[in-house]
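Reader: I would like to learn how to read a model of this kind feature by feature, with the general idea stated before each case. Could we take it slowly?

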Amino acid sequence: MAPFIIISSMNMSIEAAAPPLAAPLPVGTRAPPRPTTPELDRAVIGAPAVIAGASLLRLLQLSSSLCPIGAFAYSQGLENAVERGWVADEASLGEWLCGLGQHNLAALDLPLLMRAHAAWQCADDVAALRAGAHVLANREARELVEQERHLGTALANVLVNLGVPRAKQLCGHASASYVAAFALGAAHFGVGAELAAFGYAFAWSEQQANAAARLVPLGHMATQRVLSSVLTHIPSWVVTARELPDSDIGASTPALAMSAAWHETQYTRLFRS
């Protein structure tokens, strides 16, 4: 009886505070239609947020490890670095990736990605392809050049299938760079240049961490800790890339160049670079 009394008194207080119910509709009238999902989106989220969300989803698609371009087959010199003992545990892996991010991605890939993005947006395909050629010219080992071309062509084929006709010119082109193809996809789907740089850096970081998990090897939690640490540096890489003048674009990673070159003659290999 006591619980019933408490609940009843609570109900009475709620009813007293609640606003009066709306009057019932007259007999024979129909209730107004409920808002559709797009209408609810506009009312709750707002049109600009919906548009930004759609672009973000496209960026996630481009950055996803499920994107069928074969990135899982490349370690970008990491396999030889593990072979030589340069990368042997969680700490050394974090140092390796953060060093490459600062001196390679922030100084080469990301600034050229932003320039290619601007060129695609302005329909200046020649300038976009020139940015791709600049990336290829700065890859310091044969396997790194082959990786850049293969991923660029593969992503271009994906973009063609997703309804991006301008990607056809990258298929088999001498300047078919992954950087240029990623920039084209981002520009086509309305993703801003800086946000595209974040997505590109995340895709690179995740792929490297995934390769390290098999090579070092690392457990799942250790791999996630390394990835989490690397992700905290990406905003500074994007800022560096945004402010870098044309004359300063270029990588300075001799350890990567040597490990990628030595990987070509490594006796046993899991990866193509």
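**Reading the model, feature by feature**

Author: Let us begin with one residue and its surroundings: setting aside residues up to four places away in sequence, Asp109 touches Asn104, Arg139, Val179 and Tyr200. Please keep in mind throughout that this is a predicted model.

Reader: In which element does Asp109 lie, and is Asp109 buried or exposed?

Author: Burial is read from the relative accessible area, with under 20% counting as buried. Asp109 lies in helix α5, and because its relative accessible area is 2%, Asp109 is buried. The side chain of Asp109 is also joined to that of Arg139 by a polar contact of 2.9 Å.

Reader: Before going further, how should I judge the confidence of the chain, and what is its mean pLDDT?

Author: The predictor's confidence is given residue by residue, on a scale from 0 to 100. For the protein chain the mean pLDDT is 86, and 82% of the residues reach 70 or more. Over residues 1-22, however, the pLDDT is below 50, and this stretch has zero contacts in the model beyond near neighbours in sequence. Residues 34-45 likewise have pLDDT under 50, although the model gives them six contacts beyond four places in sequence.

Reader: What does the secondary structure come to, and how are the contacts spread along the sequence?

Author: The protein chain has 12 helices and zero strands, so that reading from the N terminus one meets α elements throughout; the chain holds 273 residues, of which 44% count as buried. Among contacts with a separation of 6 or more, 80% are between residues 24 or more positions apart.

Reader: Which residue would show such a long-range relation, and what does Leu59 touch?

Author: Leu59 lies in helix α3 and counts as buried because its relative accessible area is 5%, under the 20% cut-off. Leaving aside neighbours within four places in sequence, Leu59 is in contact with Phe182, Val191, Leu195, Ala196 and Gly199. A separate distance makes the point about sequence and space: Leu59 and Tyr200 are 141 residues apart in sequence, yet their C-alpha atoms are 8.9 Å apart.

Reader: How do I look at the burial of a whole helix, and which residues of α12 are buried?

Author: One lists the buried residues and then asks what covers them. In helix α12, residues 254-263, the buried residues are Leu256, Ala257, Ser259, Ala260 and His263, and what covers them includes α4 (78-83), α5 and α7.

Reader: Turning to pockets, how much space lies in the largest pocket, and which elements supply its lining?

Author: A pocket is read from its volume, its lining and the classes of residue found there. The largest pocket has about 510 Å³ of space, and of the 32 residues that line it, Ala71, Leu151, Ala203, Trp204 and Gln207 lie nearest its centre. At least two lining residues come from each of α3 (47-63), α5 (90-121), α7 (142-161) and α9 (193-215), with α9 giving the most, six residues. By class, this lining has 16 nonpolar, 11 polar and five charged residues.

Reader: And how does the second largest pocket read, in space and in lining?

Author: About 170 Å³ of space lies in the second largest pocket, whose lining includes Leu112, Arg115, Arg130, His134 and Asp246. Helices α5 and α6 (125-137) each supply at least two of the lining residues, and the lining divides into six nonpolar, one polar and three charged residues.

Reader: Finally, what should I look for in the backbone of the loops, and where is Gln76 placed?

Author: Positive phi values in residues other than glycine, and cis peptide bonds, are worth noting. Gln76 lies in the loop between α3 and α4 and has phi near 55°, whereas Ala123, in the loop between α5 and α6, has a positive phi of about 60°. Their surroundings can be read in the manner used above: Gln76 is buried, at 9% relative accessible area, while Ala123 is exposed, at 58%. The peptide bond from Val216 to Pro217 is cis, with omega near -10°, and Pro217 is placed in the loop between α9 and α10 (220-231).

Methods. Residues are numbered from 1 along each chain as its sequence is written. Side-chain values use heavy atoms; hydrogens and water are left out. On a 1 Å grid over the protein atoms alone, a cavity is a set of points where a 1.4 Å probe fits but cannot get out, and a pocket is an open set with protein on both sides within 12 Å along at least five of seven lines; lining residues have an atom within 4 Å of a point. Grid points are joined across faces, edges and corners, and a volume is the space filled by probe spheres set on the points. Helices (H or I, at least four residues) and strands (E, at least two) are DSSP runs, numbered from the N terminus. Ala, Val, Leu, Ile, Met, Phe, Trp, Tyr, Cys and Pro count as nonpolar, Asp, Glu, Lys and Arg as charged, and the others, Gly among them, as polar. Buried means under 20% relative accessible area, exposed over 50%, partly exposed in between (1.4 Å probe, protein chains only). A polar contact is a pair of N or O atoms within 3.5 Å; within protein, one must be able to donate a hydrogen and the other to accept it, and residues adjacent in sequence count only if both atoms are side-chain atoms. Contact means heavy atoms within 4.5 Å.
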